[in-house]
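The following exercises concern residue environments and helix packing in a single chain. Each task is followed by a solution in steps.

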Amino acid sequence: MRRLGGRRRVIGRRALFFWVLIYLSINNNVKECGGTMVSTAYRIRLMVITCIALFMAMLDNLVVGVALPSIQAEFNAGMSDLQWFLNAYTLAFAVLLIPFSMLGERLGRKRMFLAGVVLFTLGSLAAALSDSSMQLTLARALQGVGAAAIMPISLTLVSSAFPPEKRAAAIGIWSGISGLGLSIGPLVGGAIIEGAPWEMIFWVNVPFGVLAVLFGLKWLKESKGESRPVDPVGIALLGAGLFGLVYGLVRGNDEGWGEFGVWGPIAGGALLLLAFYGWERGRKRPFIQLSQFRNRTYSAYLMAGFWLNAGIFGAIFLLTLFLQQAQGYSALGAGVREMVWTACTMVAAPLAGLVIGRFGSKNVLLIGILLQMAALLGFALVIMSQGAVFPFGYIVPMMMAAGVGMGLSFTPLSHGLLSSVPDSAAGEASGLSNAARELGGVFGVAIGGLVFARGGVVATPNDFGDHLVPTLFVLTAMLAAAILSVALLAKKSRRAEKARARASVAGTEA
């Protein structure tokens, strides 16, 4: 154990050194961005603060899953309660991403970002102190509200603080931290549950949240986007519409897709979103600039984000269950093995930011998605040839390919989208992008679960494998839809990004 601990410390120091090199490569002088003079030191502080908050928010998406048996035993919770411990976070997060990103543009990005950190920290504190299922559900919802402000506004803060020629590297770091937090949630949860009460999963957020707020108040500079009037009707229609869609999707596999409690909210959500579209078209200064959707590149990256998250997060959900239920690993054991995937994502995401300037966001994104498609097909082929029980080494190459592919996808997806719109629309673009990706992840898990369940009862590990193979094919098709979205709609990104960078620099000098 000592040797293993020492090896982990060495790996940790090397990883820290790698990230410091990336930070130093971002910039080495003082430039004016968005009308404010910012230095390298400020940008590093900004990255540290935003990434701490982002990591917490992404981690808590999945960290609770492995603690559910312990929570169930303490609260005598039913299956419905367990589902709401997860879904309360997802619903609040998905529904409020766009409204919070837009409020940040109007009221101040620093103000709304720190408000999100405060809400997330209070939600974590409330979750740790909960003594009933209802209290924990409400606390998880409060965490989701805070995370909905943290994620899009942190991306806007990072994007606006860096000049165009350095922006891709910064977004690469942001994407790496986001993917890392989301991917190692089960591992962290499993490690904590092995030696501590389940409440510790939430307690660990509190000191980091307090530090992020204190340092943010001291170090972050305020910035705003294009000032537009608040539209309560538009916000209500958009929020209610997204709530209906997400609620129906997360409940579909549990209640049955033919039930009114599932398809009713989905249909109602779709109608409310149509009403939102009609309302916004009639306004002189709409809450969301619908004219941006005529930009083919902008629309392509939004569609690609939806299908990418649908395919890959549907696969992550089922493959995590596969490692535990078919191959017999504990939650911690499965999480440790998934580190093969996570580590590759963490390394590839910032590297993607460094090569985007040479190859363009579109080309890097296409390579990343192709690697993920190859990984899912490879998983399916191994199960088809070996059955569900085989040495873990058989799928290590696939997990590495999937991790690298994720890293090469998330960075250009964010950078390509933000590069396709004016700086004044960065907050709106960030909110829409994250909302589309979150909705895609919910959709992928729901459809993946539906296809998996149609195979009948899972009684043996090989039954699990037989159900998983066709599901992986369906999820691969979703990744193919992401490729088609980018390949057919997005313009040549490298030339457009360079032209946009020159225009931004010229505007700053003027």
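**Exercise 1.** Determine whether V382 is buried or exposed, and describe its surroundings in this predicted model.

*Solution.*
Step 1. The relative accessibility of V382 is 10%, and burial requires a value under 20%. V382 therefore counts as buried.
Step 2. V382 is part of helix α15, which spans residues 361-386.
Step 3. With neighbours within four places in sequence set aside, the contacts of V382 are G387, F390, Y394, I395 and M398.
Step 4. For one of these partners, M398, the separation along the chain is 16 residues, and the C-alpha atoms of V382 and M398 lie 9.8 Å apart.

**Exercise 2.** Establish which residues E438 contacts and whether E438 is buried or exposed.

*Solution.*
Step 1. E438 belongs to helix α17, residues 426-453.
Step 2. Its relative accessibility is 15%, so E438 counts as buried.
Step 3. Apart from neighbours within four places in sequence, E438 is in contact with N61, T90, F93, A94, L97 and N309.
Step 4. The pair E438 and T90 is separated by 348 residues in sequence, yet by 8.5 Å in space from C-alpha to C-alpha.

**Exercise 3.** Characterise A426, which also lies in α17.

*Solution.*
Step 1. A relative accessibility of 10% means that A426 counts as buried.
Step 2. When residues up to four places away in sequence are not counted, A426 touches T156 and L418.
Step 3. The C-alpha atoms of A426 and M102 are 9.7 Å apart, although 324 residues separate the two along the chain.

**Exercise 4.** What is the relative accessibility of A147, and which residues does A147 contact?

*Solution.*
Step 1. A147 is located in helix α6, residues 133-161.
Step 2. The relative accessibility is 0%, and A147 therefore counts as buried.
Step 3. Beyond neighbours within four places in sequence, the contacts of A147 are A57, Y89, F93, F120 and P152.
Step 4. G116 is 31 residues from A147 in sequence, with a C-alpha to C-alpha distance of 6.3 Å.

**Exercise 5.** Describe the packing of α10 against α5.

*Solution.*
Step 1. Two packed helices are described by the angle and the distance between their axes.
Step 2. For helix α5 (residues 109-128) and helix α10 (residues 205-219), the axes approach within 9 Å and cross at roughly 160 degrees.
Step 3. Angles over 145 degrees count as roughly antiparallel, and α5 and α10 are therefore roughly antiparallel to each other.
Step 4. The crossing of α5 past α10 is left-handed.
Step 5. On the α5 side the contact is formed by K110, L114, V117, V118, F120, T121, S124 and L125; on the α10 side it is formed by N205, V206, G209, V210, A212, V213, G216 and L217.
Step 6. Sorted by class, the contact of α5 with α10 comprises ten nonpolar, five polar and one charged residues.

**Exercise 6.** Repeat the analysis for α10 and α2.

*Solution.*
Step 1. The axes of helix α2 (residues 40-62) and α10 come within 10 Å, with a crossing angle of roughly 150 degrees.
Step 2. It follows that α2 and α10 are roughly antiparallel to each other.
Step 3. The two helices α2 and α10 cross in a left-handed sense.
Step 4. From α2, the residues Y42, R45, I49, I52, M56 and D60 meet N205, F208, G209, A212, F215, G216 and W219 of α10.
Step 5. The class count for the contact of α2 with α10 is eight nonpolar, three polar and two charged residues.

**Exercise 7.** How do α11 and α12 cross, and what is the class composition of their contact?

*Solution.*
Step 1. Helix α11 covers residues 232-255 and helix α12 covers residues 260-281; their axes come within 7 Å and cross at roughly 160 degrees.
Step 2. This angle makes α11 roughly antiparallel to α12.
Step 3. The crossing of α11 and α12 is left-handed.
Step 4. The contact of α11 with α12 contains 17 nonpolar, seven polar and three charged residues.

**Exercise 8.** Summarise the chain as a whole.

*Solution.*
Step 1. The secondary structure consists of 19 helices and two strands.
Step 2. Of the 510 residues in the chain, 55% are buried.
Step 3. Considering contacts between residues at least 6 apart in sequence, 83% join residues at least 24 apart.
Step 4. The accessible surface of the chain is about 21000 Å², and carbon and sulfur atoms account for 67% of that surface.

Conventions: Residues numbered from 1 in each chain as written. Predicted model: local features only at pLDDT ≥ 70, side-chain atom pairs only at ≥ 80, totals over all residues. Heavy atoms only, no water. Axes fitted to C-alpha atoms, helices over the stretch in contact; angles between N-to-C directions. Helix = DSSP H or I, 4+ residues; strand = E, 2+ residues; numbered from the N terminus. Parallel < 35°, antiparallel > 145°, perpendicular 65-115°, else oblique. Left-handed = near helix turned anticlockwise from the far one by under 90°. Contact = heavy atoms within 4.5 Å. Nonpolar A, V, L, I, M, F, W, Y, C, P; charged D, E, K, R; others polar. Buried < 20%, exposed > 50% of the residue type's maximum accessible area, 1.4 Å probe, protein only. Areas by Shrake-Rupley, 256 points an atom, 1.4 Å probe, with all protein chains shown as cover.
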